[in-house]
Amino acid sequence: FSGVLAQDVLLALLELQEELAGTTAWVQGRNVTLQDVCYAPLNPAAPGVGDCAVSSVTQYFQNNRSHLALSAWQQDGKLQGTVDWHDHLIYCVNSPLSFKDITALELSCMAEYGGP
């Protein structure tokens with residue numbers, strides 16, 4: 001992986017998303033936040049920032065830095081080695097509706113808000 005799929009770029013993207021999610025605007029006499037205008041299909045009545053359906057590659061890691069930093073030892077038959085975010089991303093691109101990848105990381109591919 002290189003370019004936009006480098007870990008440092010994904011971490012920078014996550015930081016930018018967090019900054020944008022915290023942005024407020026003064027509109028018609030009140031503060032408006034992302035929760036006020038976002039699409040939150042699983043919690044439309046009282047959405048928090050994590051309920052907003054934001055489409056981003058970082059959603060495969062539930063917008064969580066620690067998930068992006070995980071690695072684990074895995075042995076699959078005769079093959080053995082370390083799995084990390086690369087393996088999880090490849091798995092999720094191929095199986096975006098999975099609640100648990102088949103790597104030793106066992107991370108969900110579902111987004112932070114609970115959808116694909």
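**Exercise 1.** Is R30 buried, partly exposed or exposed, and at what relative accessibility?

*Solution.* The structure is a predicted model. The relative accessibility of R30 is 46%. Buried means under 20% and exposed means over 50%, with partly exposed in between. R30 therefore counts as partly exposed.

**Exercise 2.** Determine how many salt bridges the structure holds, and describe the one that involves R30.

*Solution.* Step one is the count: the structure holds 2 salt bridges. Step two identifies the partner: R30 pairs with D36, and the closest N and O atoms are 4.0 Å apart. Step three considers the setting of the partner: D36 has a relative accessible area of 41% and is partly exposed. As general background, side chains of opposite charge can pair when their charged atoms come close.

**Exercise 3.** Identify the salt-bridge partner of R65 and explain which parts of the chain the pair ties together.

*Solution.* R65 forms a salt bridge with E18, with 2.8 Å between the closest N and O atoms. R65 belongs to helix α3 (residues 65-69) and E18 to helix α1 (residues 7-21), so the pair ties together parts that are 47 residues apart in sequence. R65 has a relative accessible area of 37%, which makes it partly exposed. E18, at 39%, is also partly exposed.

**Exercise 4.** Characterise the largest pocket by its volume and its lining.

*Solution.* The volume of the largest pocket is about 240 Å³. Its lining comprises 13 residues, and those nearest the centre are Q17, A21, V49, V54 and N63. Helix α1 gives the most to this lining, with 5 residues. By residue class, the lining of the largest pocket divides into 7 nonpolar, 4 polar and 2 charged.

**Exercise 5.** Locate T58, classify its accessibility and list its contacts beyond four places in sequence.

*Solution.* T58 is in the loop between α2 (34-37) and α3. Its relative accessibility is 3%; the limit for buried is under 20%, so T58 counts as buried. Apart from neighbours within four places in sequence, T58 is in contact with L10, L13, L14, Q17 and N63. Of these contacts, Q17 and N63 also lie among the residues nearest the centre of the largest pocket.

**Exercise 6.** State which residues make up the largest nonpolar core, and which helix gives the largest share.

*Solution.* The largest nonpolar core has 9 residues: L10, Y60, F61, L68, W85, L89, Y91, C92 and C109. Helix α4 (residues 85-94) supplies the largest share of this core, 4 residues. One core member, C92, is in contact with Y60, S108 and C109 when neighbours within four places in sequence are left aside. Y60 and C109 are likewise members of the core.

Methods. Residues numbered from 1 in each chain as written. Predicted model: local features only at pLDDT ≥ 70, side-chain atom pairs only at ≥ 80, totals over all residues. Heavy atoms only, no water. Salt bridge = Lys/Arg side-chain N within 4 Å of Asp/Glu carboxyl O. Helix = DSSP H or I, 4+ residues; strand = E, 2+ residues; numbered from the N terminus. Buried < 20%, exposed > 50% of the residue type's maximum accessible area, 1.4 Å probe, protein only. 1 Å grid on protein atoms, 1.4 Å probe; cavity = no way out; pocket = protein on both sides within 12 Å on 5 of 7 lines; lining within 4 Å. Points joined across faces, edges and corners; volume = space filled by probe spheres on them. Nonpolar A, V, L, I, M, F, W, Y, C, P; charged D, E, K, R; others polar. Core = buried A, V, L, I, M, F, W, Y, C linked by side-chain atoms within 4.5 Å. Contact = heavy atoms within 4.5 Å.
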